[in-house]
Each structure stands twice: as structure tokens, then as C-alpha cells.
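Colleague: Could you take me through the empty space in this protein, pockets and cavities alike?

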Amino acid sequence: MTKQTLRNVLTTAWLLLIPTMPLSAQTRVATVTVSNTQRMTRTDEPVVIRLQSVNTRKFVARSAVVTCGRDTIPCQLDDTDGDGRADELAFVADFRPNETRQFVLNFSAKPSQRTYPSRVYADLMLDDKKGALPRLRSIEAEGNAYIYNDLHHHGAAFESERVGYRIYFDKRQNIDLYGKRLQRLELADTHFYTTAQQLQQDYGNDVLWAGNRIGCGTLRPWHSTTWQTGRMGDWNEVEVRGQRIVAAGPVRTIVEMTDRGFEGMNVTTRYTLYAGHRDMQVDVVLDAPLKKPLFCTGVQKIGEGAALFRPLEGYAATWGSDYPEQSNEQMRQLFPPEAVGLAVYVPTAYVVSSREDDENCLLVIGKKGNRAFQYHVAFCAEKEIDGFRSQTEWFAYMKTWTNALANPLRVRLARQVRTR
């Protein structure tokens, strides 16, 4: 992978903090400079900082405070690999066009009582048929086990103030969508199953019927000997399927899907949603290099709506209106057709080919030798008070969105890690 390709793939700013003196005190302090190099305003832009060199044999960061001038910036420490030690610091910040801001990072080996209002939410719940809905952090099952109906809302669900998602725990692993009228957290109340009373209170609801289609940015196997004769498949041949909530706030949530024993390798798919965002980052990691294209993603077509398919630019978008719930007539009446816009963006370095049919716009992804790739998913619901009102507006947003993803923030260490 070239340096330019790597820079274009990353949508968050990554920093490796390198100490130059023995670290033995109970705090670590660093200063970082973050620059918006584009002539665009960036709101709630993610900054993610790796902590390999902050954590040492004598020091493990258990709390952190981020400041910018006199302002304290809400942040979180995350243990992404599950070893019991935080390995990433995450926060979001606003930037004016071409603005540079300096942040001070204060790490402590002691836990802190400081909390921030959560701007994201995630849950994974067991449907115990008694209404208790015990919360889980992770679950694993044999690949042929069908526990789709044993999980409330069929898998992990998560949200920002703008949108909600859920990942089905079954052979499809579809990304399903929860659209909102108001910007607020709602899934703790509705759990994706909005009642008639909640609809009258301006709650959102499930806005897409995916069925066996690609949905919005779902990662699916691609079955083929050559791409011309290939087809989208399901995650059938999996030895063990797993799902876990890696992080759940206050500024980002991460949900992870694992498929062990797929085509002789293990596949980890991580979904990251940041506060204030409608778009979601999808990171796919393999424990062996690809020998051929094995995956596809894309967006489904909606009703009689339109599609904007630009494979050479790495994205696909659709807009249309249909019944979001089609299980029975009662549900169709409760949830009439509503318009939504779908989008997926894959850096062209990972796009092998494309396929459009009556139901989907698909990008075949994963070149020979790849062990990891990243792409992004976004959607809108027309009912959003401050959202998009037409396919023209939604399709125009694609240029702004993909340009921001291709030009992430620039982060540099302004002052080396020091003890205090």
C-alpha cells in the first residue's frame, strides 16, 4: 500500500505517542496539533490516538482528560483488543476551514469519576421471552446455529443522535437502519421496534426493508471464479460466528462481527459510529492475505427511486420510497412508505469490479494480497427535520462526503510525552 493510498483510506487522525525519557510517574502529558487542511467546515470530526507508547510496564492509562485552551473536550479510552488495557483515546472536535487547533492530552494511571453526557448508545440483548432482556457484551455461536430470534432486535444495535444501525446475527449480517425525525438518543426506549404511541411522540423507526438484498453497505461474500459470473452470497460456511460491543460511548460506539473459519481464514468486521455522525466506518481485518476477491458491498435500490453509481470513484448512492415494514398488513399501515437515501464509499484501491442489477448496486472489493480494508456507509431519512429533502440534495452530498473522507485531519505530536 502506498503512503498516498493509506492517507486516503484513513478517516480519523492516528498518532503514535513516542516517549523520550523514562516513564514512571502516575501521569503522562502530551500536546498534539490537529489541522483541517480543507476549505470546509468540519463538525464532530474524529481524532483517534493510539497508546502503545503511553502504556508501559510501569504505567497503564486508566483515565484521560483532553483540553483545548480553557475547554475540556469529552473523550473516551477504549480497550479495542480486549486485553484489559486501554489502547486508544478518542474524541471529536469542530474545525473551521483550514483551522489548526492544539489539544493537551492528560493520562492518569488512576481511574477517574469524571463523566460526560453520552452522545452514542449501543446494546446487545438476549430475548428471554420474559421481558427482562438481559444485556450482553458479546456472544458466539457455531456457524450453523440459528439464534437470530433469540436476540432482541436480532443483533447489536447502536446509534448517534442522528441515526441508528443494527447488525443482524445471521448468515446475511445485514446492516439495518433506524431513521430519526429529531436529533436525540432513542434506542433505549424503542429498541428498533417503535410503537404507535412513540411515533406520535416523534420517535424514529426502522426505515428500510432489506430482505436478502445488500441493504446499506452490508459486507457479503462474493462467490465466483471470475467476477463476470459472480454473485452475492451469504455467510454460510462459517465455523463460529461472534458479535461484541467493543465501546459504547460517550463519543463513539464500536460493534464487532467475527466470522471464524470462512474460506480458511478468520474475518473481523468492525463498525464505528461517532457522535454527531450519520456515516459509519467499517474496518475489515483478515488473518491471512486474500488470494482472490471474496467480498462485496453496496446499496440496494428502493422502490422506483433513482441510483447514482460511480464505481470508478468508489461510491454508490440510491434514493427512493418504500414500505419499511412488510411483514403484514397491520405493520404496513403503521409504517407507510417513506423516503430514504443510502450510500457506500470504498477507496478505489480496494475496488475490483462492479455490478448493477434490478435490486442492488454492488462493488466487488478485496484485491489479492489484501489483509485489511476500510469503507464507509451513510444514510438519511427524509423525515429528518434538518435533513435531505430530495435525491438531488442527497446525491450532491456525495461529493462533499467522499472528499472529506479522502482528506482526513492532519495530526502531529507538538510536544513529546512527559511525566508529571
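Modeller: Here is a walk through the open pocket and then the closed cavities. Bear in mind that this is a predicted model, where local features need pLDDT of at least 70, side-chain atom pairs count only at pLDDT 80 or more, and totals for chains, interfaces and linings use all residues. Residues are numbered from 1 along each chain as its sequence is written, and side-chain values use heavy atoms, with hydrogens and water left out.

The largest pocket holds about 650 Å³ (a pocket is an open set of points on a 1 Å grid over the protein atoms alone, with protein on both sides within 12 Å along at least five of seven lines; lining residues have an atom within 4 Å of a point). It has 29 lining residues, and closest to its centre sit Thr43, Glu45, His277, Asp279 and Tyr397. Two or more lining residues come from each of β2 (42–50), β18 (265–274), β19 (280–286) and α5 (391–406), with helices (H or I, at least four residues) and strands (E, at least two) being DSSP runs numbered from the N terminus.

As for cavities, where a 1.4 Å probe fits but cannot get out, there are two of 30 Å³ or more. The largest has about 70 Å³, and of its 15 lining residues Leu208, Trp209, Ile302, Asp322 and Tyr323 are closest to the centre. Both β22 (315–322) and β23 (338–345) give that lining at least two residues. The second largest cavity has about 40 Å³, and its lining is Arg162, Lys180, Arg181, Leu182, Gln183, Glu384 and Asp386.

Terms used: Points joined across faces, edges and corners; volume = space filled by probe spheres on them.
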